[in-house]
Amino acid sequence: MIAVKDLWKRHGKLDVLRGISFDVPKGEVDAIIGPSGGGKSTFLRCLNGLEPFQGGVVRVGELTLTPETTARKDARLLEAVRRKVGFVFQQFNLFPHLTVLQNCTEAPLRVLGEPPDIAAARATALLQRVGLGEKLQAWPRDLSGGQQQRVAIARTLAMRPEVILFDEPTSALDPVMAGEVLAVMSDLAKDGQTMVVVTHSMQFARQVATRVHVFAGGHDVEHGPPAQVFGDPQHEVTKSFLKIAAH
Ligand code: ADP
Ligand code: MG
């Protein structure tokens with residue numbers, strides 16, 4: 001579904017990504033862990049065309065992003081990529097002036113051209129699925145952080161993305177709310193949703209991911225099934241990171 005080959009990304013003189021190759025087959029959940037500054041967020045942003053990059057290629061289905069297409073901000077291509085690839089941010093980014101339901105119907109109405117009754121019915125079903133069937137008419141500001149993040153997930157699902165990228169979706173939440181969001185994500189994973197998840201939750205990476213990647217210094221230093229990466233880490237970076245993450 002996503003195939004990344006030798007991706008290089010520079011910010012000024014800093015090489016933020018140094019030759020990342022990374023495949024995400026359909027139905028797989030790839031977790032990315034690793035120390036702050038390692039390039040995890042930048043990598044996700046390159047996958048849906050939010051960042052230009054200087055080397056390599058990103059394939060999303062039949063679409064191809066290259067240094068040339070990202071530099072010239074090919075609007076048609078970027079829009080097509082973003083339709084396939086949903087993004088859930090740490091800070092939710094809900095529309096404050098729209099109700100919970102409207103947050104989830106806005107893009108389907110405007111971008112997909114769905115009829116209003118169908119958009120509303122689908123959004124209602126998705127909000128029920130994330131446990132917010134009682135909050136359809138609420139305003140984002142009246143919800144807890146965990147509830148807002150679940151709305152953000154429903155809003156992303158409403159666009160029927162083929163892949164969803166999550167960038168530390170629970171790091172702004174207390175443990176109870178984080179658990180609620182992770183439960184929704186586990187449910188999506190069981191349902192076969194293809195996902196790439198940057199996370200601080202070692203428990204999620206261990207229990208839900210098909211594969212775990214460790215990013216550090218712009219490299220994917222180690223990846224494999226969770227049992228292997230957590231049970232028998234090979235790289236020094238992984239060993240020291242897991243020691244810190246355990247506390
Ligand atoms: P992570 O998500 O793993 O913490 P990031 O992808 O956010 O890492 O950042 C990787 C590196 O790139 C860091 O050194 C960061 O300071 C740098 N960086 C990220 N965005 C920019 C930017 N817009 N301009 C300059 N440097 C940046
Ligand atoms: Mg980050």
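Biologist: In which helix does T70 lie?

Modeller: This is a predicted model, in which local features need pLDDT of at least 70, side-chain atom pairs count only at pLDDT 80 or more, and totals for chains, interfaces and linings use all residues. Residues are numbered from 1 along each chain as its sequence is written, and side-chain values use heavy atoms, with hydrogens and water left out. Helices are DSSP runs of H or I with at least four residues, numbered from the N terminus, and the one that holds T70, covering residues 67-71, is α2.

Biologist: Is T70 buried or exposed?

Modeller: Buried means under 20% relative accessible area and exposed over 50%, with partly exposed in between (1.4 Å probe, protein chains only). T70 has a relative accessible area of 4%, so T70 is buried.

Biologist: Which backbone oxygen does the side chain of T70 reach?

Modeller: A polar contact is a pair of N or O atoms within 3.5 Å; within protein, one must be able to donate a hydrogen and the other to accept it, and residues adjacent in sequence count only if both atoms are side-chain atoms. At 3.2 Å, the side chain of T70 reaches the backbone oxygen of P67.

Biologist: Which residue has a side-chain N or O atom 2.9 Å from an oxygen atom of ligand 1?

Modeller: The backbone also takes part, since a polar backbone atom of G39 is 3.0 Å from an oxygen atom of ligand 1, and a backbone N or O atom of G38 lies 3.1 Å from an oxygen atom of the ligand. The side-chain atom at 2.9 Å belongs to S41.

Terms used
Chains lettered and ligands numbered in written order. Helix = DSSP H or I, 4+ residues; strand = E, 2+ residues; numbered from the N terminus.
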